[in-house]
Amino acid sequence: MNYLTEMYVKASAKVGGLVKNERGSQTLEWIGIAAVIVILVGLVSTAFSGSDFGGTIVKKLESLVDKMIAE
């Protein structure tokens, strides 16, 4: 029984440490935001691919993304 108790204590300490460790979470959030922006740009460019209006929107969105990346 001592062995099981010891294993439980070790496992709960390990899990507790992993839960408290939030390293990299901000990076994942930025990757998610970037993915949403890429999807939106793709949708807009596909929807308006035959007109000049779509090109203007895509250029504006690309410039916004470039500004965000530069900061």
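L40 sits in helix 2, the element that covers residues 25-47. In this predicted model, L40 has a relative accessibility of 46%, so the residue counts as partly exposed; the label fits because partly exposed is the range between the cut-offs of 20% and 50%. L40 is also one of four residues, together with V36, I39 and L43, that make up a nonpolar patch on the surface. Taken together, the four offer about 390 Å² of accessible area.

Further along helix 2 comes S45. Here the relative accessibility is 29%, so S45 also ends up in the partly exposed class. T46 is in helix 2 as well, but this residue counts as exposed because its relative accessible area is 57%, and the cut-off for exposed is over 50%.

Both S45 and T46 can be paired with a residue further on in the chain. For S45, the partner is T56: 11 residues separate the two in sequence, and their C-alpha atoms lie 9.6 Å apart in space. For T46, the partner is V58, at a separation of 12 residues in sequence and a C-alpha to C-alpha distance of 9.9 Å.

As for the overall fold, the protein has 3 helices and 0 strands, and reading along the sequence gives the pattern α-α-α. Helix 1 takes up residues 2-20, and helix 2 takes up residues 25-47.

Turning to the surface of the whole protein, about 6300 Å² is exposed, and 67% of that area comes from carbon and sulfur atoms. Buried residues account for 6% of the 71 residues; to be put in that class, a residue needs a relative accessible area under 20%. L40, at 46%, and S45, at 29%, are therefore not in the buried class, given that cut-off of 20%.

How confident is the predictor, and where? Across the protein the mean pLDDT is 77, with 76% of the residues at 70 or more. Among the elements, helix 2 has the highest mean pLDDT, at 85, while helix 1 has the lowest, at 72. The element with that highest mean is thus also the one that holds L40, S45 and T46.

Notes:
Residues numbered from 1 in each chain as written. Predicted model: local features only at pLDDT ≥ 70, side-chain atom pairs only at ≥ 80, totals over all residues. Heavy atoms only, no water. Patch = residues over 30% accessible without salt bridge, like charges linked within 9 Å, V, L, I, M, F, W, Y side chains within 5 Å. Areas by Shrake-Rupley, 256 points an atom, 1.4 Å probe, with all protein chains shown as cover. Salt bridge = Lys/Arg side-chain N within 4 Å of Asp/Glu carboxyl O. Helix = DSSP H or I, 4+ residues; strand = E, 2+ residues; numbered from the N terminus. Buried < 20%, exposed > 50% of the residue type's maximum accessible area, 1.4 Å probe, protein only. pLDDT = per-residue confidence, 0-100.
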